[in-house]
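The following questions ask how certain descriptive terms are justified. Each answer sets a value against the rule behind the term.

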Amino acid sequence: MHTSSPCTLLVNSQQHDLQLSAEVSLMQVLRNDLALNGPKYGCGLGQCGACTVLIDGMAARSCVVPAQGVQGRAITTLEGLGSGAQLHPAQQAFIDEQAAQCGYCLNGMIVMTVSLLTHTPDPTEDQIRSALSGNFCRCGTHVEIIRAVKRAAVLMQAPHRVSHDAP
Ligand code: FES
Ligand code: FES
């Protein structure tokens, strides 16, 4: 029998007071309790990157993070980056470069891109490849994804530039 206990999570700047078992992962809470379906369920083992979120600005694989362990931390999902008319530059860059086929990996790719560019605003291609090396894309969209990360770097440094100015 799983016992549950109170758990307060700060997700996309909103506080959520929940009752959770010790075993439940952050990904399960985001998707099942908070209806945030940006993080995708891929492997469930911390190996594919589909479930990536930001925790205090750093990329983390939410399927292997116990929800109870991230109380008091700032959790950001794809939905918290931007949406609709207020897209994050990284989201816009992936659209501009049409860097998707099925799109299942894109949550992880975009969140990882934001994490990379926050800490390394002007990465080399090697740094981009290294940062994304643990994020799997089964459709083989890698060339477009790398172009999107380069475009995102330009847009994040000069967000006032219109997207067709980017490389
Ligand atoms: S679903 Fe979390 S790393 Fe694959
Ligand atoms: S676009 Fe399908 S897994 Fe990446």
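**Strands, helices and the terms applied to them**

L54 stands opposite T76 in β5. The model discussed here is a predicted one.

Q: How do you know that β3 and β5 are paired, and in which sense do they run?
A: Two strands count as paired if at least two bridges are found between them. Strand β3 (residues 52–55) is joined to strand β5 (residues 74–76) by 2 bridges, so the criterion of at least two is met. These strands run antiparallel.

Q: What makes β3 and β4 a pair, and what joins them?
A: There are 4 bridges between β3 and β4, in the antiparallel sense; the requirement is at least two, so they pair. One of the bridge partners is M58 in β4, which is matched with I55. The strands form a hairpin with 2 residues between them, and D56 in the turn has a positive phi of about 50°.

Q: Why are β2 and β4 said to stand at the edges of the sheet?
A: The open sheet has 5 strands in the order β2-β1-β5-β3-β4, with mixed pairing. β2 (14–21) and β4 (58–61) each have a single partner strand, so one side of each lacks a neighbour in the sheet. From one strand to the next, the twist averages 45°.

Q: Where does helix α4 lie with respect to the strands?
A: Helix α4 (residues 106–119) lies across β3 and β4, and runs at about 30° to β3.

Q: Why are α4 and α6 called oblique to each other?
A: The axes of α4 and helix α6 (residues 142–157) cross at roughly 45° and come within 10 Å. Angles under 35 degrees count as roughly parallel and those of 65 to 115 as roughly perpendicular. The crossing angle of roughly 45° belongs to neither class, and the two helices are therefore oblique. The crossing of α4 with α6 is right-handed.

Q: Which residues meet where α4 and α6 are in contact, and how are they divided by class?
A: From α4, M109, T113 and L117 meet I145, V149, A152, A153 and M156 of α6. By class, this contact has 7 nonpolar residues, 1 polar residue and no charged residues.

Note on methods: Residues numbered from 1 in each chain as written. Chains lettered and ligands numbered in written order. Predicted model: local features only at pLDDT ≥ 70, side-chain atom pairs only at ≥ 80, totals over all residues. Axes fitted to C-alpha atoms, helices over the stretch in contact; angles between N-to-C directions. Contact = placed C-beta atoms within 7 Å. Parallel < 35°, antiparallel > 145°, perpendicular 65-115°, else oblique. Left-handed = near helix turned anticlockwise from the far one by under 90°. Nonpolar A, V, L, I, M, F, W, Y, C, P; charged D, E, K, R; others polar.
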